Amino acid sequence: MTQKESGLRPEERELLTTIAGVKRYPLVRLELWSSRERELRSTALNHVRLEHAEELMAIVKRRGETLAHLEQEGLILIDYRPAVTVAADYAVYKESAVYRQLCELVEEGKNRPGFLFDTPHIRRGRAVLTAKGRLALGIISNP
């Protein structure tokens, strides 16, 4: 099947195939929180999936954009409220270069008057294939 026939770019097909082939596909949202105003939160980087701790920001952003597009197309579901998570799945994020950059941003901001986002936070999430995603990969056939 060609890209035109499937409607998927090669990197989208590869990512869908990866998600389909694993039991869990953990990802995170990097957020900025305020310790002074509990309801004040901001997303710094959405749909972060790391293959290793030192991945470059450009690669992480591109993968996040691909994940967002797959979700928009209904091929995956991204959930940041998983009932149960496995801590080992998320260990790489705390040690990652992108998280260090977030922490540095927070530290720089603390020196500015009125800066409220003083706490970096990692929100755990996951991506799962939808029926439409399984159909796109040929895992299930169209009824």
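A residue counts as buried when its relative accessible area is under 20%, and by that rule 36% of the 143 residues of the protein chain are buried in this structure. The model shown above is a predicted one, and every value that follows was computed from it.

We can begin with the overall layout of the chain. Its secondary structure comes to six helices and four strands, and, read from the N terminus on, these elements follow the order α-α-β-β-α-β-α-α-β-α. Taken along the principal axes, the C-alpha atoms of the protein chain fill a box of roughly 60 × 30 × 25 Å. Among the contacts in the chain with a separation of 6 or more, 69% are between residues that stand 24 or more positions apart. On the outside, the protein chain exposes about 8800 Å², and carbon and sulfur atoms supply 52% of that area. The chain has 23 positive and 20 negative charges, and the mean positions of these two groups are 4 Å apart.

From the outside we can turn to the interior. The largest nonpolar core has 16 residues, and those with the most contacts inside it are V28, L30, V48 and Y93. Two or more residues are given to this core by each of the elements β1 (26–33), β2 (41–48), α4 (87–94) and α5 (97–109), and the largest share, four residues, comes from α5. To see how one member is placed, consider V48, which, when its neighbours within four places in sequence are left aside, is in contact with L27, V28, L30, V60, Y93 and V98. A second, separate core has 15 residues, including L8, L15, L16 and I76.

Just before V48 in the numbering is H47, whose place is in strand β2. Is H47 buried or exposed? With a relative accessible area of 8%, H47 is buried, because this value is under the limit of 20%. The backbone of H47 also deserves a look, and here a general rule helps: most residues other than glycine have a negative phi. The phi of H47, however, is near 55 degrees, a positive value in a residue other than glycine.

Helices α2 and α3 offer another place to follow the contacts residue by residue. E12 is found in helix α2 (residues 10–20), while T66 is found in helix α3 (residues 57–72). E12 has a relative accessibility of 1% and therefore counts as buried, and T66, at 7%, counts as buried too. Not counting residues up to four places away in sequence, E12 touches G7, T66, H69 and L70, and the side chains of E12 and H69 are joined by a polar contact of 2.5 Å. Seen from the other helix, and with the same kind of sequence neighbours left out, T66 touches R9, E11, E12 and L15.

A last stop is the loop between β1 and β2, where R36 lies. Which residues does R36 contact, leaving aside its neighbours within four places in sequence? They are F115, L116 and D118, and the backbone oxygen of F115 lies 2.5 Å from a polar atom of the side chain of R36. R36 and F117 are 81 residues apart in sequence, and yet their C-alpha atoms are 8.8 Å apart in space. Even with these contacts, R36 is exposed, because its relative accessible area of 54% is over the limit of 50%.

Notes:
Residues are numbered from 1 along each chain as its sequence is written. This is a predicted model: local features need pLDDT of at least 70, side-chain atom pairs count only at pLDDT 80 or more; totals for chains, interfaces and linings use all residues. Side-chain values use heavy atoms; hydrogens and water are left out. A nonpolar core is a set of buried Ala, Val, Leu, Ile, Met, Phe, Trp, Tyr and Cys residues joined through side-chain atoms within 4.5 Å. Buried means under 20% relative accessible area, exposed over 50%, partly exposed in between (1.4 Å probe, protein chains only). Contact means heavy atoms within 4.5 Å. A polar contact is a pair of N or O atoms within 3.5 Å; within protein, one must be able to donate a hydrogen and the other to accept it, and residues adjacent in sequence count only if both atoms are side-chain atoms. Accessible areas come from the Shrake-Rupley method with a 1.4 Å probe; for residues, only the protein chains shown count as cover. Lys and Arg count as positive and Asp and Glu as negative; His and the chain ends are not counted. The place of a charge is taken as NZ of Lys, CZ of Arg, CG of Asp or CD of Glu.
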